[in-house]
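Student: Could you take a close look at the inside of this model with me? I'd like to follow the buried part and any empty space there.

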Amino acid sequence: MYFDFNEKSSILFLFFFHGLVFGKLLLLKGFQNDEKSNFWLSGFTLLCSFYIAPFMCGYADWYGSLPYRDVLFYVPFQQVLLLPPVLYYYIKTLLDKSFKFSKKDFLHFVPAIAYLIYSIVVFVTDKVVLNDYYFYEDQQDKDLDAWYQVAGFISLVYYLILSLKVYGQYKKIIYNTISFADTMLFRWAKRLLIAFLLLLAIRALFFVLNPEWGEFGKKFWYYVCFSLLFYFISIYGFVNSVRSIISFHEITSDTNSIDDVPTNVVANDIQNSNGYETQNLPLWKTRIETLMLEEHLYENPELTLMEVCDRLGTHSKKISEVINQGYGLNFNDFINHYRTKAVIHRLEKGDHTNVTLLSIALDCGFNSKSTFNRAFKRYTNQTPKEYIETYLKK
């Protein structure tokens, strides 16, 4: 096969080849672990590899040689209407391992399917019916048409907004249902969304700098930047997929289940859930505080809202409302508040002179140093060391 391995084509070929490799690895990982998110990420990685193929092959002189030029003309490598929804569904399945693709979800892929049909019509007309260049009389790749690239940009914006909404909902539920929210998927999800945003930014930048998408010479650095981003997403996503991830659906279903709560308790609570009776708020607050102070539930580093609900014989909506309205906190911050007070009590006793701060924090329910430091500073406006120097150092 003819391929001119020059500086530009070789660099893009490395990304193209590694994209194919990681696409296959992610696909295998998806089958091995039965993780839907890996299937979507595999699809995204492969699509990104195909996306850079026209420019990689263009720098390798395919557009100047037959039959290679026809391959670039008639194969729709740049699926700019398919990439954004695939990345969106990767984020969606990453946060909810039990997400099921429904019929209405197919609507997100209608534009990409329409463009595929258009590409087939172009091929059949030129190569089967007329046996001559009709659609390609201008010898310009349809994938690089301005209207198509602009449509892809708009699609990218739209699905970034949807992804941010999904992440925001996930984050809100996590912080309202578990006491170890900081150790969840946020770091990778944040980096993924930042990469998504950067992808959008570099497309916008190059639209401004060079709107003529058919000019190869001015597009090389755009494709290098794009390749670096999808390479990062693929590798980091592959590493992340190895780790154990708690499903969004598992969390929400566990913490919202009322099957084990007595029927009369649920009925009374639901009856008052719309018109919340503020006179019951002090009573529920007292019950929760008693549970924390006497049984030290906060010392459990994996404490969930449902465990608190089970102890109090009610459903999660009730306790969530009490904590949100009565303390102005989400469940995660509420529990960390008690953990921080327990740490301060240990510090005032002088325990920090015998054991490390981290050991004290772990005993009080924190599961990481970073979470402890953030919670402590949120509560005291000081770091643990600053607090000791200010109030306890003699």
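**A look inside**

Tutor: Let's start with Cys-309, which is buried, with a relative accessible area of 0%. Keep in mind that this is a predicted model. Cys-225, on the other hand, is partly exposed, at 31% relative accessible area. If you're hunting for disulfides, the count is zero.

Now for the core. The largest nonpolar core holds 76 residues, and Phe-44, Tyr-90 and Phe-226 have the most contacts inside it. Eight helices, H1 through H8, each give two or more residues to this core. H2 provides the largest share, twelve residues. Take Phe-226: leaving out residues up to four places away in sequence, Phe-226 touches Cys-48, Tyr-51, Ile-52, Leu-83, Leu-199 and Ile-202. Apart from this core lies another one, with 34 residues, including Leu-303 and Ile-344.

Next, the empty space. There are three cavities of 30 Å³ or more, and the largest contains about 110 Å³. Phe-226 turns up again here: along with Leu-83, Leu-156, Leu-199 and Arg-203, Phe-226 lies nearest the centre among the 13 lining residues. H2, H4, H6, H7 and H8 each supply at least two residues of that lining, which has eleven nonpolar, one polar and one charged.

The second largest cavity has a volume of about 60 Å³. Its lining includes Phe-73, Tyr-115 and Asp-143. H5 gives the most to this lining, four residues, and by class the lining has eight nonpolar, one polar and two charged residues.

Methods. Residues numbered from 1 in each chain as written. Predicted model: local features only at pLDDT ≥ 70, side-chain atom pairs only at ≥ 80, totals over all residues. Heavy atoms only, no water. Disulfide = S-S within 2.5 Å. Buried < 20%, exposed > 50% of the residue type's maximum accessible area, 1.4 Å probe, protein only. Core = buried A, V, L, I, M, F, W, Y, C linked by side-chain atoms within 4.5 Å. Contact = heavy atoms within 4.5 Å. 1 Å grid on protein atoms, 1.4 Å probe; cavity = no way out; pocket = protein on both sides within 12 Å on 5 of 7 lines; lining within 4 Å. Points joined across faces, edges and corners; volume = space filled by probe spheres on them. Nonpolar A, V, L, I, M, F, W, Y, C, P; charged D, E, K, R; others polar.
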